[in-house]
Amino acid sequence: MPLDDLVAAVVDAVSLPVVAAGGLSTRDAVAHIIAAGADAVRIGTAFVATDESAAHPAYKAALIAAAGPQDTVLTTQFNEDWPDAPHRVLRTALLRAELTGNRSITPPNRDSRGDVSGMAMYAGEGVGGVNKVRGAGARTRELMAAVS
Ligand SMILES: Cc1cc2nc3c(=O)[nH]c(=O)nc-3n(C[C@H](O)[C@H](O)[C@H](O)COP(=O)(O)O)c2cc1C
């Protein structure tokens with residue numbers, strides 16, 4: 001179900017503030033979902049690729065390299081102590097994990113050592129809108145720029 005249809009349905013059904021999440025990575029996407037009735041947005045992937053994020057540089061670089069949702073995949077590969085919880089990751093990380101057998105849910109961070117390419121690189125379907133590592137403040141201002 002498209003996020004804007006979901007938000008519109010939820011806004012109709014509840015009398016609480018509604019926070020939209022999932023695939024929001026550009027100013028136009030944020031403005032669109034606010035116009036659809038969301039009161040706020042929750043953003044994950046776009047903040048992984050910020051200077052302040054503790055994500056491993058290779059994880060940030062892989063997010064920047066990903067062109068769009070086709071470079072992500074919904075999987076249950078990374079299920080150690082976390083069964084039956086589908087999660088979306090970069091396809092390259094999943095392919096590597098299938099070879100190495102890695103099932104840890106821990107994403108690669110700046111303290112990770114060795115080959116991190118098969119670690120859980122979580123990524124939303126808006127990853128194609130993340131084209132540069134930026135400061136978190138600059139990214140926030142950019143994302144909110146079209147919200148009046
Ligand atoms: C690195 C990373 C780790 C996450 N860990 C969790 C988690 O442990 N539990 C959870 O419910 N959501 C988790 N999320 C999902 C976020 O809370 C958020 O809902 C989601 O990232 C929003 O979609 P977006 O990434 O397309 O912006 C994670 C997301 C990322 C990018």
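**View A. Asp81 is exposed, with 76% of relative accessible area, in the loop between strand E3 (72-75) and strand E4 (87-90).** Exposed denotes over 50% relative accessible area, buried under 20%, and partly exposed the range in between, with a 1.4 Å probe and protein chains only. Helices (H or I, at least four residues) and strands (E, at least two) are DSSP runs numbered from the N terminus. The model is predicted, so that local features require pLDDT of at least 70 and side-chain atom pairs pLDDT 80 or more, whereas totals for chains, interfaces and linings use all residues. Residues are numbered from 1 along each chain as its sequence is written, and side-chain values use heavy atoms, without hydrogens and water. Asp81 is not a glycine, yet its phi is positive, at about 60 degrees. Most residues other than glycine have a negative phi.

**View B. Asp84 and Asn79 are further residues of the loop between E3 and E4.** Asp84, which is not a glycine, also has a positive phi, near 55 degrees. Its relative accessibility of 75% classes Asp84 as exposed. Asn79, by contrast, counts as partly exposed, at 24% relative accessibility. From Asn79 to Lys60 the C-alpha to C-alpha distance is 22 Å, and 19 residues separate the two in sequence.

**View C. The ligand has ten residues around it, divided into four nonpolar, five polar and one charged.** These are Gly22, Gly23, Arg42, Ile43, Gly44, Thr45, Val48, Tyr59, Tyr122 and Gly124, where a residue is near a molecule if one of its heavy atoms lies within 4 Å of it. In this classification Ala, Val, Leu, Ile, Met, Phe, Trp, Tyr, Cys and Pro are nonpolar, Asp, Glu, Lys and Arg are charged, and the others, Gly among them, are polar.

**View D. Oxygen atoms of the ligand approach polar atoms of Gly23, Gly44 and Thr45.** A polar contact is a pair of N or O atoms within 3.5 Å; within protein, one must be able to donate a hydrogen and the other to accept it, and residues adjacent in sequence count only if both atoms are side-chain atoms. At Gly23, a polar backbone atom is 2.7 Å from a ligand oxygen. At Gly44, a backbone N or O atom is separated from a ligand oxygen by 2.9 Å. At Thr45, the partner is an N or O atom of the side chain, at 2.6 Å from an oxygen of the ligand. Of the 600 Å² of accessible area that the ligand has on its own, the protein covers 59% (Shrake-Rupley method, 1.4 Å probe).

**View E. Gly23 is placed in the loop between strand E1 (19-21) and helix H2 (27-35).** Gly23 counts as partly exposed, at 36% relative accessibility. The C-alpha atoms of Gly23 and Asp111 are 27 Å apart, with their positions 88 residues apart in sequence.

**View F. The largest pocket holds about 440 Å³ of space and is lined by 20 residues.** On a 1 Å grid over the protein atoms alone, a pocket is an open set of points with protein on both sides within 12 Å along at least five of seven lines, a cavity is a set where a 1.4 Å probe fits but cannot get out, and lining residues have an atom within 4 Å of a point. Points are joined across faces, edges and corners, and a volume is the space filled by probe spheres set on them. Gly22, Gly23, Gly44, Thr45 and Gly124 are the lining residues nearest the pocket centre. Helix H3 (residues 45-48) gives the most to this lining, namely three residues. The lining comprises 10 nonpolar, seven polar and three charged residues.

**View G. The structure contains one cavity of 30 Å³ or more.** The volume of the largest cavity is about 30 Å³. Its lining is formed by Ser25, Ala46, Gly129, Val130, Arg139, Glu142 and Leu143, with helix H6 (residues 136-144) giving the most, three residues. By class, three of the lining residues are nonpolar, two polar and two charged.

**View H. His56 is located in the loop between H3 and helix H4 (57-65), and Leu63 within H4.** His56 is buried, with a relative accessible area of 15%. A polar atom of the His56 side chain is 2.9 Å from the backbone nitrogen of Ala58. Leu63 is likewise buried, at 0% relative accessible area. Leu63 and Pro17 are 46 residues apart along the chain, and their C-alpha atoms are separated by 30 Å.
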